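Me: Please take a close look at one part of this model, the one where the chain folds back on itself, and go through it step by step. I would like a connected account rather than a list.

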Amino acid sequence: MTGIELLQMIKNNEVEEGTEINVLRVNEECCCYDVMAKLKYTDNDLL
C-alpha cells in the first residue's frame, strides 16, 4: 500500500486506534524487505 492509500484509509475510518504500521523498503540484495520505520496511529495522528 502507498502512503496516499494509507491516508485515504485513515480518512475513511478504516484504521483502528492504536494500529501499528511498519514502513518497509525493498532490499534488492536479498529480495526481501527491511523495516525503515514503525508508526502508530493514535489520537488521529501518525507517531
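Reply: A strand here is a DSSP run of E of at least two residues, numbered from the N terminus, and two strands count as paired if DSSP finds at least two bridges between them. With that in hand, the hairpins can be followed along the chain, bearing in mind that the model is predicted.

Strand 1, residues 19–27, and strand 2, residues 32–42, run antiparallel and are joined by nine bridges. One pair across this ladder can be named, since Arg25 has Asp34 of strand 2 as its bridge partner. The two strands form a hairpin with four residues between them, and in that turn Cys31 has a positive phi of about 55°.

Beside Asp34 in the sequence is Tyr33, which also lies in strand 2. At a relative accessibility of 58%, Tyr33 counts as exposed because the cut-off is over 50%. Leaving out residues up to four places away in sequence, Tyr33 touches Leu24, Arg25, Val26 and Asn27. Its C-alpha is 14 Å from that of Met1, although 32 residues separate Tyr33 and Met1 in sequence.

At its other end, strand 2 leads into a second hairpin, with strand 3, and two residues lie between these strands, of which Asp43 takes a positive phi near 50°. Strand 3 covers residues 45–46 and pairs with strand 2 in the antiparallel sense over two bridges, and here Thr42 stands opposite Asp45.

Taken together, the three strands make an open sheet in the order 1-2-3, with antiparallel pairing. Strand 1 and strand 3 stand at its edges with a single partner strand each, so one side of each is left without a neighbour in the sheet.

The nonpolar core is the last piece of the picture. The largest such core has five residues, Leu6, Ile10, Val15, Ile21 and Tyr41. Among residues more than four places away in sequence, Ile10 touches Val15, Tyr41, Asn44 and Leu46.

Notes. Residues numbered from 1 in each chain as written. Predicted model: local features only at pLDDT ≥ 70, side-chain atom pairs only at ≥ 80, totals over all residues. Heavy atoms only, no water. Core = buried A, V, L, I, M, F, W, Y, C linked by side-chain atoms within 4.5 Å. Buried < 20%, exposed > 50% of the residue type's maximum accessible area, 1.4 Å probe, protein only. Contact = heavy atoms within 4.5 Å.
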